[in-house]
Amino acid sequence: MREKIKKIEKEIEGLSAKSIEELEQLRIKYLSKKGLLSGLFEDFKNVTQEERKDIGKLLNELKNSLQDKINNLKQKFDDLQDSGKSDIDLTLPADFIETGSRHPISIIRAKIIEIYSRIGFTVSEGPEIEDDWHNFSALNFPEEHPARDMQDTFFIRKNPDIALRTHTSSVQIRVMENEKPPIRKLFPGRVYRNEAISSRAHCFFHQVEGLYIDKDVSFADLKQVLLYFSKEMFGEKTKIRLRPSYFPFTEPSAEMDISCFLCGGKGCPFCKHTGWVEILGCGMVDPSVLENCKIDSKVYSGYAFGMGIERITNLKYEVKDIRMFSENDIRFLKQFGSVI
Ligand code: DAH
């Protein structure tokens, strides 16, 4: 019995199969019901009491090594078959993909541009670090003029000629200096003011400026374009109201309100019971601004308007605290995930 076990153990070492069929033959030879191993277990019944323990152990070891050997050989064939296949399991549930969302300021910026682009406006951008000429002087803010105080400015101590732009009106100048009318442009961008940070004011925010310069441009054109914009942005029923105002670079100047889109103009806490909500500043470009940019003010006229993107976004999404826009709080930003 021991001899037979040893012999088979030797054979196991050299076992090999060239095909699955050959392997199956080996399995039948050693492990099937009528195979050599079963035969040995049959013989085991006749083993004497003293030898039973030892031989039993040897037999079990033999059984294990035979099974291991056959399994190993089978694995090799399986691997070989698999190597030609992709290991992607299409039945697995898909990995969760975190989708981002656009920032509400970007959403409204894009919406404003889209509305004006339908009536022929294209986009230009200018630098956020500006010189005095483009931010103030060319826009008719004389040095020491109190109008400059309306925009609390970040200057650079070493060079007071350089400042962080306080409005996107500076881009009007850059474009008028470099392009010939007709000019029909939008200037979106970030602006800076030395304001105490609160729920209503921040030291930086965003504006979109509009400029149209051509022959025979009138205040009626401005009014019509602003009405079109307000209806597209806030709904067909929106009315507008222009109140006389003052900006150094426009004459006449106005501030525009829209009818409150929550109460329809009847008056509610949102519009402080006035029925109107302020949206933007606008006016006819002052002839001296055109001349500063070497555009003949006897031939050309134009209008300009400027609005805060935060302001429009607050109104559209009822955001009550302007600081939310720059705090990167994912719980706030996630709410805009479904807005395209
Ligand atoms: N630049 C002004 C501001 O920041 C906004 C403004 C008012 C822009 C009137 C204009 C305009 O183009 O015509 O307060």
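This is a short walk through a predicted model, stop by stop, with something to select at each one.

**Stop 1: the ligand and its neighbours**

Start by selecting the ligand and showing the side chains around it. You should find 16 residues surrounding the ligand, and the closest are His-167, Ser-169, Arg-193, Gln-207 and Glu-209. Colour that shell by residue type and it splits into 9 polar, 5 nonpolar and 2 charged residues.

**Stop 2: the polar contacts**

Now pick Ser-169 and look at the tip of its side chain. A polar atom there is 3.0 Å from a nitrogen atom of the ligand. Next, turn on backbone atoms for Ala-304 and Phe-305. A polar backbone atom of Ala-304 lies 3.1 Å from a ligand oxygen atom. For Phe-305, a backbone N or O atom is 3.4 Å from an oxygen atom of the ligand. While you're here, switch on a surface: on its own the ligand has 360 Å² of accessible area, and the protein covers 91% of that.

**Stop 3: the pocket**

Zoom out a little. Where does the ligand sit? Its place is in the largest pocket. Switch to cartoon and highlight helix H7 (169-178), then strands E6 (204-214), E9 (276-285) and E10 (301-308); these are the elements that each give two or more residues to the shell around the ligand.

The largest pocket itself has a volume of about 1400 Å³. Its lining takes in 45 residues, and if you want to find the centre, select Arg-200, Glu-278, Ile-279, Gly-308 and Arg-311, which lie nearest to it. To see the walls, keep H7, E6, E9 and E10 highlighted and add strand E7 (240-247), strand E8 (250-259) and helix H10 (309-317); each of these gives two or more residues to the lining. Which element gives the largest share of the lining? That is E9, with 8 residues. Colour the lining by type as you did the shell, and you get 20 nonpolar, 14 polar and 11 charged residues.

**Stop 4: two cis peptide bonds**

Leave the ligand for now and select Pro-181 and Pro-182. The peptide bond between them is cis, with omega near 5°. Pro-182 is in the loop that runs between H7 and strand E5 (183-192). Then jump to Glu-251 and Pro-252, where the peptide bond is also cis, this time with omega near 0°. Pro-252 belongs to strand E8, one of the elements you highlighted for the pocket lining.

**Stop 5: an unusual phi**

Finish at Asp-216, in the loop between E6 and helix H8 (219-234). Check its backbone angles: phi is near 60°, a positive value in a residue other than glycine.

Notes:
Residues are numbered from 1 along each chain as its sequence is written. This is a predicted model: local features need pLDDT of at least 70, side-chain atom pairs count only at pLDDT 80 or more; totals for chains, interfaces and linings use all residues. Side-chain values use heavy atoms; hydrogens and water are left out. A residue is near a molecule or strand if one of its heavy atoms lies within 4 Å of it. A polar contact is a pair of N or O atoms within 3.5 Å; within protein, one must be able to donate a hydrogen and the other to accept it, and residues adjacent in sequence count only if both atoms are side-chain atoms. Accessible areas come from the Shrake-Rupley method with a 1.4 Å probe; for residues, only the protein chains shown count as cover. On a 1 Å grid over the protein atoms alone, a cavity is a set of points where a 1.4 Å probe fits but cannot get out, and a pocket is an open set with protein on both sides within 12 Å along at least five of seven lines; lining residues have an atom within 4 Å of a point. A molecule sits in a cavity or pocket if more than half of its atoms lie within 2 Å of its grid points. Helices (H or I, at least four residues) and strands (E, at least two) are DSSP runs, numbered from the N terminus. Ala, Val, Leu, Ile, Met, Phe, Trp, Tyr, Cys and Pro count as nonpolar, Asp, Glu, Lys and Arg as charged, and the others, Gly among them, as polar. Grid points are joined across faces, edges and corners, and a volume is the space filled by probe spheres set on the points.
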